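Okay, thanks for making room for me today. I'll put the structure up and then walk you through a few things I looked at.

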Amino acid sequence: MEITNTTRDGINLRGWTLRDSDGNRYRFDNVRIGARATIRIHTGNGRDTRTDLFQDRRNYVWDNGSDTATLRDDRGRTVDTETWGRRR
């Protein structure tokens, strides 16, 4: 999953959440995304960097066939939603 900041200013994502349609949730700690920068959020284990964050989960979260990712800010407001595939 990738998140791109399309604004001219950096954003601190502390308290923001990324959720899938099954209710799996990832909460951002003190993470800053620069202006016009992209970060990748990985399901598995790894070491967080400026461009890659890891959820440290054993199982995959995102369904390849179909899913919805919802990004919410620290006040719970929906910032963006991405849906792919077809629901059966």
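I'll go through a sheet, an aromatic pair, a pocket and two loop residues. One thing up front: this is a predicted model.

Let's start with the sheet. It's an open one with 4 strands, and if you read across, the order is β4-β3-β8-β9, with antiparallel pairing. On the edges you've got β4, residues 25-27, and β9, residues 78-85, and each of those pairs on one side only. If you ask how much neighbouring strands are turned against each other, the average is 10°, ignoring direction.

Now zoom in on β3 and β8. β3 covers residues 17-19 and β8 covers 66-72; the two run antiparallel, joined by 3 bridges. If you want a spot to look at, find T17, and across from it in β8 you'll see R72.

Next, aromatics. How many aromatic pairs does a search of the whole structure find? Just 1. The partners are Y26 and F28, and their arrangement is edge-to-face, with the centres 5.0 Å apart and 80° between the planes. For anyone wondering why that gets called edge-to-face, the cut-off is over 60 degrees between planes. And are these two buried or exposed? Y26 and F28 are both buried.

On to the pocket. The largest pocket holds about 340 Å³ of space. Its lining is made up of 18 residues, and the ones nearest the centre are I3, T4, L71, V79 and D80. As for which strands contribute, β1 (residues 2-4), β8 and β9 each put at least two residues into that lining. So two strands we met in the sheet, β8 and β9, turn up again around the pocket. By class, the lining comes out as 10 nonpolar, 5 polar and 3 charged residues.

Last bit: backbone oddities. R36 isn't a glycine, but its phi is positive, about 55°. You'll find R36 in the loop that links β5 (32-33) and β6 (38-42). R36 is exposed, because its relative accessible area is 54% and the cut-off for exposed is over 50%.

Then there's D56, also not a glycine, with a positive phi near 55°. Where does D56 lie? In the loop between β7, residues 52-54, and β8. With a relative accessible area of 48%, D56 counts as partly exposed.

That's what I had, so let's open it up for discussion.

Technical notes
Residues numbered from 1 in each chain as written. Predicted model: local features only at pLDDT ≥ 70, side-chain atom pairs only at ≥ 80, totals over all residues. Heavy atoms only, no water. Pairing = 2+ DSSP bridges. Axes fitted to C-alpha atoms, helices over the stretch in contact; angles between N-to-C directions. Phe/Tyr/Trp six-rings, centres within 6.5 Å; stacked < 30°, edge-to-face > 60°. Buried < 20%, exposed > 50% of the residue type's maximum accessible area, 1.4 Å probe, protein only. 1 Å grid on protein atoms, 1.4 Å probe; cavity = no way out; pocket = protein on both sides within 12 Å on 5 of 7 lines; lining within 4 Å. Points joined across faces, edges and corners; volume = space filled by probe spheres on them. Nonpolar A, V, L, I, M, F, W, Y, C, P; charged D, E, K, R; others polar.
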